[in-house]
Amino acid sequence: MSDKLKQVLSKQSRQQENESIDQSDDIVQLVGFIIGEEEYAVPILSIQEIIKPFTWTRVPQVPKYVMGVFNLRGAVIPLIDLRLKFGLSEKKHSDETRFIVMKDRDDVAGFVIDRLTMAIRIKKENIGPAPDTINGDNTMIDGVGKQEDRIITILKVNKLLERDF
């Protein structure tokens, strides 16, 4: 193969790599779940694991939405019911209920969700800011994703993990 042909193929290969990087930079990967009647999502990289519910230990003198703590491979992790945290009524666990363990730096907590939906890929251009009515740094809402016929509320993991108890 001539040197000129090698250069052209090499240049073409670099352009394809750059294009695929650019395309992946425009996509946000999330994990969707249902709380009540609404669909929420968090960035996929903030999830440590998703597990079926198991026993936990109640802790006294904490807000009602803090169900207690559980042991996950030697780490004691708080368990938070997102239904109660979001002001919804308590619901008995079903076969679809899951504990979703999220992390942000050193903060880790488990959250009870009603149902897992799917891994979601949304273009950044299809994610809008949090509604004006709840603007500010204290909101748990990072943005609103639009996908065909549905709207997904994207949550801030660092705000979910903030300890106010």
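Before I start, one cut-off: a residue is buried under 20% relative accessible area, exposed over 50%, and partly exposed in between. This is a predicted model, and my topic today is its salt bridges.

R115, at 33% relative accessibility, therefore counts as partly exposed. Its partner is E96, and the closest N and O atoms of that salt bridge are 4.0 Å apart. The pair links distant parts of the chain. R115 is in strand 8, residues 115-123, while E96 sits in the loop between helix 2 (82-85) and strand 6 (98-104). The two residues are 19 apart in sequence. E96, at 46% relative accessibility, is also partly exposed.

How many salt bridges does a search of the whole structure find? The search gives 6, and I will show two others.

Next, E39 and R150. Their side chains form a salt bridge at 3.6 Å, N to O. E39 belongs to strand 2, residues 38-43, and R150 to strand 11, residues 150-155, so this pair ties together parts that are 111 residues apart in sequence. Is E39 buried or exposed? E39 has 11% relative accessibility, so E39 counts as buried. R150, by contrast, has 23% and counts as partly exposed.

Last, E162 and K159. Here the side chains meet in a salt bridge at 3.2 Å, again N to O. K159 has a relative accessible area of 14% and is buried. E162 is at 44% relative accessibility, so E162 counts as partly exposed.

To recap the burial: E39 is buried with a partly exposed partner, R150, and K159 is buried with a partly exposed partner, E162. In the R115 pair, R115 is partly exposed and E96 is partly exposed.

Technical notes: Residues numbered from 1 in each chain as written. Predicted model: local features only at pLDDT ≥ 70, side-chain atom pairs only at ≥ 80, totals over all residues. Heavy atoms only, no water. Helix = DSSP H or I, 4+ residues; strand = E, 2+ residues; numbered from the N terminus. Buried < 20%, exposed > 50% of the residue type's maximum accessible area, 1.4 Å probe, protein only.
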